Amino acid sequence: MKSLKVVFLGTPEFAKASLEAIHHSHHEVVGVVTVADKASGRGQKISQSPVKVFAVENNLPVFQPEKLRNPEFLEELRKLEADVFVVVAFRMMPKVLFEMPKMGTFNLHASLLPDYRGAAPINYAIINGEEKSGATTFFINEKIDEGNILLQEELPILPDENAGSLHDRLMEMGSKLVVRTLDGLAENSITEKPQPEVEHPKNAFKIFKEDTRIDWTKNSKEIHQFILGMSPYPAAFTTLKIGEEEKGLKIFGGKFEISDHGKTAGSLEISKTGFKIFTQDGEYFPSELQLEGKKRMNIKDFLNGFRNFDEIKMA
């Protein structure tokens with residue numbers, strides 16, 4: 001089978017899996033493009049992206065341009081004479097970059113396009129209670145996630161699965177799909193096809209902090225899916241009032257029961273033996289949570305951290 005020369009562009013763990021799969025295939029990674037190293041954490045230690053760490057460990061040439069239109073960077077990439085660029089979890093690319101390789105540039109997206117275009121397809125598939133997800137490879141063009149589809153594969157979403165679990169399963173499946181796409185392009189056995197026209201495709205816009213607040217006036221199932229879809233990252237939160245102090249409370253999982261309780265949605269009952277928050281149509285019982293300033297813990301350890309439950313309210 002013909003071997004392709006590949007430039008890989010990506011940053012997080014999700015992308016690293018695809019880079020690793022290409023590196024272990026018969027295709028050749030001639031260059032890796034990722035974000036610049038940055039200071040993070042309390043000690044402001046310099047951290048490298050998972051993609052860079054893998055590239056360095058495997059002696060692959062690494063490029064970390066501040067600007068993707070930088071002429072010197074573009075010239076360096078041209079010299080590599082790659083057949084194709086592969087993009088996984090990277091940033092917006094200028095036309096001068098994605099049109100450079102003779103076979104084009106393709107992207108791996110963690111959804112069944114055209115649904116869930118955007119930055120957070122895994123989170124929104126869970127939030128919306130979908131029964132299936134998947135991955136798509138497609139040629140990049142000037143519109144976000146709208147290029148011609150190369151390959152697509154479905155994956156069932158498991159009952160009570162959270163975004164973290166689905167992320168890991170799609171990461172593994174997607175890495176294999178990337179190699180299959182390279183094989184197909186090398187053998188000229190893939191027919192690219194335009195994405196289906198959908199009047200109202202489901203969107204997966206970038207999630208900001210204010211989007212992660214739990215709305216307790218919704219029904220229990222919606223709240224449950226929202227918490228699963230935000231878990232473990234960026235994490236759904238609510239606010240507790242402890243005495244006179246307000247503190248954010250991240251909730252990573254739990255269960256719910258439907259009941260005609262007659263209580264105000266968003267009110268809580270908390271004691272040494274349990275913690276429940278009333279929803280529009282029932283009660284939600286958090287099982288894993290993290291109070292602002294504390295570490296993540298299970299409900300038993302969380303409740304053991306309080307003496308006076310009378311002073312705890314929903315803010």
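These legends accompany an overview and several close-up views of a predicted model.

**Figure 1. The whole protein at a glance.** Let's start with the full chain, whose secondary structure comes to 8 helices and 16 strands. Its C-alpha atoms fill a box of roughly 70 × 45 × 30 Å along the principal axes. Of the 315 residues, 48% are buried. Among contacts with a separation of 6 or more, 65% join residues 24 or more positions apart. The protein exposes about 16,500 Å², and carbon and sulfur atoms supply 49% of that area. If you are thinking about electrostatics, there are 40 positive and 46 negative side chains, and the centres of the two sets lie 5 Å apart.

**Figure 2. Inside the largest nonpolar core.** This core has 42 residues, and Ile 22, Val 86, Phe 106 and Leu 182 have the most contacts inside it. Helix 6 (residues 163–187) contributes the largest share, with 11 residues. Apart from this core lies another one, of 31 residues, among them Tyr 116, Ile 207, Ile 214 and Phe 275.

**Figure 3. The surroundings of Val 86.** Here we zoom in on one residue of the largest core. Leaving aside residues up to four places away in sequence, Val 86 touches Val 6, Val 7, Phe 8 and Leu 9, along with Ile 22, Phe 106, Val 178 and Leu 182. Ile 22, Phe 106 and Leu 182 in that list are also among the residues with the most contacts inside the core.

**Figure 4. Helix 7 and its neighbours.** Helix 7 (residues 220–229) is largely enclosed by the rest of the structure, because 8 of its 10 residues are buried. The buried residues are Ser 220 and the run Ile 223, His 224, Gln 225, Phe 226, Ile 227, Leu 228 and Gly 229. They pack against two helices, helix 5 (121–127) and helix 6, and against strand 10 (236–242), strand 11 (245–258) and strand 14 (282–291). Look also at the start of helix 7, where a side-chain oxygen of Asn 219 comes to within 3.2 Å of the backbone nitrogen of Lys 221.

**Figure 5. His 261 and its polar contacts.** His 261 sits in the loop between strand 11 and strand 12 (268–271). A polar atom of the His 261 side chain lies 2.8 Å from the backbone nitrogen of Lys 263. The side chain of His 261 also reaches the backbone oxygen of Thr 279, again at 2.8 Å. Beyond four places in sequence, His 261 touches Phe 278, Thr 279, Gln 280, Asp 281, Gly 282 and Glu 283.

Note on methods:
Residues numbered from 1 in each chain as written. Predicted model: local features only at pLDDT ≥ 70, side-chain atom pairs only at ≥ 80, totals over all residues. Heavy atoms only, no water. Core = buried A, V, L, I, M, F, W, Y, C linked by side-chain atoms within 4.5 Å. Buried < 20%, exposed > 50% of the residue type's maximum accessible area, 1.4 Å probe, protein only. Helix = DSSP H or I, 4+ residues; strand = E, 2+ residues; numbered from the N terminus. Contact = heavy atoms within 4.5 Å. Polar contact = N/O pair within 3.5 Å; in protein donor to acceptor, adjacent residues only side chain to side chain. Areas by Shrake-Rupley, 256 points an atom, 1.4 Å probe, with all protein chains shown as cover. Lys, Arg positive; Asp, Glu negative; His and termini not counted. Charge placed at Lys NZ, Arg CZ, Asp CG, Glu CD.
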